[in-house]
Amino acid sequence: MQVVFGNWRLGRIIMFILITSSVSYGLGGSSIIVIFAGLVGATLSAGGFFFDYLGDYKKDRETGNLKNPIANGTLSPRGGFLIIITCFIISIVISIMVNIWALIPIFCLIGVVSGLVQGILDTALLRSFSLGALQGFYVLIGALFVNKFELSVVLLALYLFFAMTGARVLGDTRDLPYDQKTDTSTIPKKYGIRWTKYFLLINEIIAYIISILIYILGLLGIEYLICMISIIIVGTILNLIFIFYPTPHTARIVNILSLAILGSLFVIAMVFGKL
């Protein structure tokens with residue numbers, strides 16, 4: 001599985017599973033609903049990653065970025081296409097069974113992934129905003145699986161939107177050596193490292209403010225607040241490491257630690273932070 005997905009993408013799939021399922025659990029979902037939410041998180045993210053692989057395999061083969069299993073010959077383009085269709089169909093069928101309204105964020109998510117792959121959203125800023133939007137859609141899916149669409153859900157989606165929009169520049173800085181060989185437009189490539197740092201900080205500060213606002217409004221409990229304060233402290237430290245050492249190597253390490261530590265703390269906040 002690691003050969004096909006790569007370690008960091010496998011980690012992201014696990015994180016999307018945890019996001020959708022923990023949101024459903026935190027909002028009062030039953031065990032079966034939580035399982036269904038996790039399955040949709042898994043299939044949607046896997047389908048999205050293979051969609052990206054299929055769209056980029058020729059470019060990745062030319063630039064030597066052979067982490068793509070289609071580019072390195074591990075998987076055929078036809079096989080990748082079948083995986084994409086299967087994953088998306090499973091997500092849609094489960095959502096129809098649980099709550100048909102969940103199809104709205106699901107189709108929005110598929111639309112954003114398609115826009116990125118087709119190049120419609122392939123600009124420096126839109127790429128970052130698109131990643132943030134994808135995270136927000138997973139929150140909405142998890143919430144709609146328990147028939148919830150309220151202020152706490154909207155704010156949680158906005159929190160992940162800004163947090164992951166800012167974090168996108170870490171991945172873009174990590175991939176900068178490859179992107180410089182192509183026409184891919186990213187914030188580090190187009191605007192330089194100085195503006196990359198500003199973009200990261202602004203989005204993360206907005207995300208942190210929203211996370212605290214959720215507690216102030218009484219939407220989630222003290223356990224949630226403790227986890228969010230931990231996220232702010234650890235996230236700030238990791239961001240400062242990148243700001244002082246903005247290299248592709250540092251960006252890769254910070255990106256992995258952010259996914260593992262901050263993502264885990266968010267899941268814990270959702271599981272134990274409900275009122």
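Helix 11 (residues 248–272) makes a good place to start: its 25 residues should span 36 Å at 1.5 Å a residue, and its end C-alpha atoms are 35 Å apart, which agrees. Here the expected span is 1.5 Å times one less than the number of residues, and helices (H or I, at least four residues) and strands (E, at least two) are DSSP runs numbered from the N terminus. The model is a predicted one, in which local features need pLDDT of at least 70 and side-chain atom pairs count only at pLDDT 80 or more, while totals for chains, interfaces and linings use all residues. Residues are numbered from 1 along each chain as its sequence is written, and side-chain values use heavy atoms, with hydrogens and water left out.

Helix 11 bends by about 25° at Ser258, the bend being the angle between axes fitted to the seven residues ending at a residue and the seven starting there. Ser258 is also among the buried residues of this helix, which include Thr250, Ala251, Val254, Leu262 and Phe266. Buried means under 20% relative accessible area, exposed over 50%, and partly exposed in between (1.4 Å probe, protein chains only).

Two residues of helix 11 show its surroundings. Thr250 lies in this helix and counts as buried because its relative accessibility is 13%. Leaving aside neighbours within four places in sequence, Thr250 is in contact (heavy atoms within 4.5 Å) with Ile241, Phe242 and Tyr245. Val271, also found in helix 11, counts as partly exposed, at 23% relative accessibility. Val271 touches Ser22 and Tyr25, not counting residues up to four places away in sequence. Val271 and Ser24 are 247 residues apart in sequence, yet their C-alpha atoms are 9.2 Å apart in space.

Phe242, a contact of Thr250, is also in contact with Thr173. Thr173 lies in helix 7 (residues 151–174) and is buried, with a relative accessible area of 1%. Beyond its neighbours within four places in sequence, the contacts of Thr173 also include Pro188, Ile193, Thr196, Pro246, Thr247, Pro248 and Ala251.

Helix 6 (residues 124–144) offers another view of the interior. Its 21 residues reach 31 Å from first C-alpha to last, close to the 30 Å expected at 1.5 Å a residue. Of these 21 residues, 18 are buried, so helix 6 is largely enclosed by the rest of the structure.

Turning to the whole protein, there are 11 helices and zero strands. With 275 residues, a compact globule would have a radius of gyration near 19 Å, and the protein agrees with this at 18 Å; the radius is taken over C-alpha atoms, and the globule rule is 2.2 Å times the number of residues to the power 0.38. The C-alpha atoms fill a box of roughly 50 × 45 × 30 Å along the principal axes. Of the 275 residues, 53% count as buried. Among contacts between residues at least 6 apart in sequence, 72% join residues at least 24 apart. The accessible surface comes to about 12,400 Å², of which 72% belongs to carbon and sulfur atoms; areas come from the Shrake-Rupley method with a 1.4 Å probe, and for residues only the protein chains shown count as cover.

Finally, the cysteines. The structure holds zero disulfides, a disulfide being a pair of cysteine sulfur atoms within 2.5 Å. For Cys108, the nearest cysteine sulfur is that of Cys87, 19 Å away. Cys108 is partly exposed, with a relative accessible area of 35%, whereas Cys227 counts as buried at 9% relative accessibility.
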